[in-house]
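Hi,

Here is the structure I promised to pass on to you. Have a look at it first, and then read on for what I found.

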Amino acid sequence: MNKKAMPVRRFAIASAIAIGALLFAAPGVTGADAPNPKARVAFQACAACHSDKAGVTRLGPSLAGIFGKPAAQAKGFRYSPALAKAKLRWDRKTLDAFIANPKAVVPGNRMSYPGVSDPAKRAAIIDYMQGLR
Ligand code: HEC
């Protein structure tokens with residue numbers, strides 16, 4: 001086989017799998033069995049500071065159930081004044097921007113995390129969060 005053709009073919013197969021995963025990412029599934037297999041793995045970047053179980057506070061608030069809600073609503077977590085005052089609702093668009101560059105979207109917030117530059121990884125993380133109850 002032609003050596004140069006290989007990466008292209010691998011890319012095509014990977015793309016087909018990724019598109020398949022997106023098509024199956026229906027709302028209403030729980031994070032734990034989300035059909036996007038990359039979602040759970042991608043969330044590990046956040047899990048050091050964020051639980052996926054409601055009410056469990058780590059360095060940051062639990063991310064369970066925040067999808068679709070206004071920012072800074074987790075009970076028992078002391079948000080920075082910056083995030084508490086941010087008039088944001090967490091939908092795919094705002095989450096995508098925040099995860100890409102937290103400091104740019106909410107200047108002065110206390111999440112010490114530079115952000116995720118890969119859009120596919122951000123999408124997987126948001127899929128996972130969307131499935132959390
Ligand atoms: C080093 C710890 C740390 C990491 C890693 C981290 N976060 Fe955070 N995150 C925080 C803290 C602390 C806050 C609260 C910030 C504040 O009050 O200003 C926060 C807040 C948030 C909020 C707002 C929550 C709300 O209730 O409105 C979202 C959304 C969020 N993080 C998503 C993520 C995602 C997604 C990742 C992984 C890509 C991530 N974080 C990684 C510490 C972290």
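Of the 133 residues in this protein, 27% count as buried. Please keep in mind that this is a predicted model. The secondary structure amounts to 6 helices and 0 strands, so written from the N terminus the order of elements is simply α-α-α-α-α-α. As for how the chain folds back on itself, take the contacts between residues at least 6 apart in sequence: 41% of them join residues at least 24 apart.

Helix 6 is a good place to start. This helix covers residues 119-131, 13 in total, and spans 18 Å from its first C-alpha to its last, close to the 18 Å expected at 1.5 Å a residue. Helix 6 is also mostly covered, with 10 of its 13 residues buried. Among them are Arg122 and Asp127, along with Ile125, Tyr128 and Met129. What do the buried residues of helix 6 pack against? Their partners are helix 2 and helix 4.

The largest nonpolar core tells a related story. It holds 23 residues, and Ile125, Tyr128 and Met129 have the most contacts inside it. Helix 2, helix 4 and helix 6 are the elements that give two or more residues to this core, and helix 6 gives the most, with 6 residues. If you want one residue to click on, try Met129: leaving aside residues up to four places away in sequence, Met129 touches Leu63, Phe67 and Leu95.

Now to the ligand, which may interest you most. There are 28 residues around the ligand, and those that come nearest are Cys46, Cys49, Gly60, Ser80 and Met111. By class, this shell has 21 nonpolar, 6 polar and 1 charged residues. Helix 2 (37-47), helix 3 (81-85) and helix 4 (92-100) each supply at least two residues of the shell.

One last residue to look at is Tyr79, which sits in the loop between helix 2 and helix 3. Is Tyr79 buried or partly exposed? Tyr79 has 18 other C-beta atoms within 10 Å, and because a buried residue needs 20 or more, Tyr79 counts as partly exposed. Its contacts, not counting residues up to four places away in sequence, are with Ala72 and Ala84. Pro61 is 18 residues away from Tyr79 along the chain, and the C-alpha atoms of the two are separated by 8.5 Å.

Happy to talk it through whenever suits you.

Best wishes

Technical notes. Residues are numbered from 1 along each chain as its sequence is written. This is a predicted model: local features need pLDDT of at least 70, side-chain atom pairs count only at pLDDT 80 or more; totals for chains, interfaces and linings use all residues. A residue is near a molecule or strand if its C-beta atom, placed from the backbone, lies within 6 Å of it. Helices (H or I, at least four residues) and strands (E, at least two) are DSSP runs, numbered from the N terminus. Ala, Val, Leu, Ile, Met, Phe, Trp, Tyr, Cys and Pro count as nonpolar, Asp, Glu, Lys and Arg as charged, and the others, Gly among them, as polar. The expected span of a helix is 1.5 Å times one less than its number of residues. A residue is buried if 20 or more other C-beta atoms lie within 10 Å of its own, exposed if 12 or fewer, and partly exposed in between; C-beta atoms are placed from the backbone. Two residues are in contact if their C-beta atoms, placed from the backbone, lie within 7 Å. A nonpolar core is a set of buried Ala, Val, Leu, Ile, Met, Phe, Trp, Tyr and Cys residues joined through C-beta atoms within 7 Å.
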